[in-house]
Amino acid sequence: MKLRFLFALFSASAGLFISFQQVANAACVVPSYNQKRGIPPGFTEAQGFKGRFDFPASTSEPLPPFLSIDFTQDWRAYVQAVLDYSFEGNIAVDFDVADNNVRNWYHALWMHPGNSGREFLHGLTKERATDPEQLAEGVTKSFDTWAVGFYNALGATTFAKVWNDPCSPKIDDIYFPIGTTTFKLLFTTATATDIPYLAGAPEWEGDIGRAPNRIGKLHLYQIDIAVRDPRSLQTGWVFGTFVYQGSVPGTDPWKKLVPVGLSWGNDRFVPPPGQLRQNVLNETLEGKIYGWAGRKELGWGGRVNGPADNQISSCVSCHGSAQYPRSDDFGNLPRQPATPVDYQRRLLEYFRDIFAGGVFDGESRYFGTQTAVLARPLDYSLQLQVGIERMCATVTAREAPFNDGTVPVPPVCPTPPAVVAGGPESLSTGPALADRDDTIDALLEPIR
Ligand code: HEC
């Protein structure tokens, strides 16, 4: 507290005019990688990941050209055009998007805290690990997945509203503008020896905790895209994905991303094995990325999903459940209940089409508590959901910058347990203190 205040005074007197508020806000923006792990041996602070968070309040970015392609007629042309748009200017700078001179792209804020928070080198976050048999038939090991996502300038205008105060998000009326485009690169710790189709895949290093110096090699295997498209009448969004296939002829690995499918709805009333209408799949990938006992399908009943994803869900259904706090009943998945009849009922509820800006499960609870709260929709943005969850976990765990009273508790977060001077902590809600682990990781529910 004192140091911060002195720093503010010093800066002001040095003629920099940095206000107290700005100093407090900066504590919520930089550094943008997981601080607990710190800098890996042999690296310097300057080499650390810096997110691009200077979200514009408005933008002159034109609507993307693929909004004129009818995805119901030619889904491949559409999804390829979105990938080309996402690659433009980004491959040359290795996705250091701040250096892209063709188009502006931005990162999501507050994804850094916790063990699965942004790592040092590329700001990758750790996702659900893949199971044996998940990525290819006969694979006996599980592998870690690390990913990073980006929004174009149209999408970033919504981030500008949410994070006008980077220490206190405003999450009312979240509604991304038409043309919002977001993509995500997913990497695996598997190699081409483990999974032959990874041969020649783009490679990144990450601070992923591998001995001896924590740095490990990662291979790109999936790229997700999502677009706010007005022609998607039930959900307002279109989701598609690609998978790397080393067998594609040629020498440019960025040209070896094969489209997996496209979806703009849940096909709610089409139980398996019905013919889906809002999910189209590239069936030439059967036997390569799905179609064996351990991985019968990519998403539920053949709905579009990627190799990384949980086959009981789909892109559109999982993202349609983006809200804060997340649904206490479903999380982001149709978790299996006790009886098959219940499961059928839950599937019908889970695979509802949520229109952009609508809420999936209006009454929810903060994770690990019994306090009922009105959930606010996050318009299909799971990075917003995860970012706010990580920020509130930081508040509850009383970690910096929420540890010394300098930065107030954001109103969207549950009130942290009070500290009673000289006595035990008191908790009005949630599990008994003895059962509770107030570390950021314990306060986050993984999306599995
Ligand atoms: C079971 C849940 C789940 C499924 C299924 C899923 N995602 Fe996501 N997705 C997430 C989570 C959680 C994040 C945010 C955290 C992250 O990026 O690591 C995310 C982030 C993204 C982002 C970055 C924008 C955002 O929402 O923040 C895109 C784009 C994306 N996913 C597309 C897809 C596509 C395309 C599919 C299907 C091929 C898919 N997702 C399937 C959970 C899911």
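A residue is counted as buried if 20 or more other C-beta atoms lie within 10 Å of its own, and as exposed if 12 or fewer do. In the predicted model described here, this criterion separates two residues that share an uncommon backbone geometry. Tyrosine 380 has 29 other C-beta atoms within 10 Å and is therefore buried. Aspartate 173, in contrast, counts as exposed because it has 11 C-beta neighbours inside 10 Å.

Most residues other than glycine have a negative phi, and most peptide bonds are trans. Departures from both tendencies occur in the model. The phi angle of tyrosine 380 is positive, at about 70 degrees, although this residue is not a glycine. Tyrosine 380 belongs to the loop that connects β13 (376-377) with α7. A positive phi, near 55 degrees, is likewise found at aspartate 173, which is located in the loop between α4 (153-162) and β4.

Cis peptide bonds precede two prolines. One joins tyrosine 324 to proline 325, with omega at about -10 degrees; proline 325 is part of the loop between β10 (323-324) and α6 (340-350). The other runs from alanine 400 to proline 401, where omega is near 5 degrees. Proline 401 is situated in the segment that follows α7.

The surroundings of the ligand were examined next. A shell of 30 residues surrounds the ligand, and the closest of these are Asp224, Cys315, Cys318, Leu382 and Gln383. Two or more shell residues are supplied by each of the strands β2 (125-130), β3 (143-152), β4 (181-188), β6 (214-228) and β7 (237-244), and by each of the helices α5 (315-320) and α7 (382-396). By residue class, the shell comprises twelve nonpolar, 14 polar and four charged residues.

The interior of the model was then considered. In soluble globular proteins, nonpolar side chains tend to be buried together. The largest nonpolar core of the model contains 95 residues, among which Val82 and Trp237 have the most contacts inside the core. Helix α7 contributes eight residues, the largest share of this core. Helix α7 thus appears in two settings, as it also gives two or more residues to the shell around the ligand. Once neighbours within four places in sequence are set aside, the contacts of valine 82 are with Phe66, Thr181, Ile225, Val227 and Gly240.

Notes. Residues numbered from 1 in each chain as written. Predicted model: local features only at pLDDT ≥ 70, side-chain atom pairs only at ≥ 80, totals over all residues. Near = placed C-beta within 6 Å. Helix = DSSP H or I, 4+ residues; strand = E, 2+ residues; numbered from the N terminus. Nonpolar A, V, L, I, M, F, W, Y, C, P; charged D, E, K, R; others polar. Core = buried A, V, L, I, M, F, W, Y, C linked by C-beta atoms within 7 Å. Contact = placed C-beta atoms within 7 Å.
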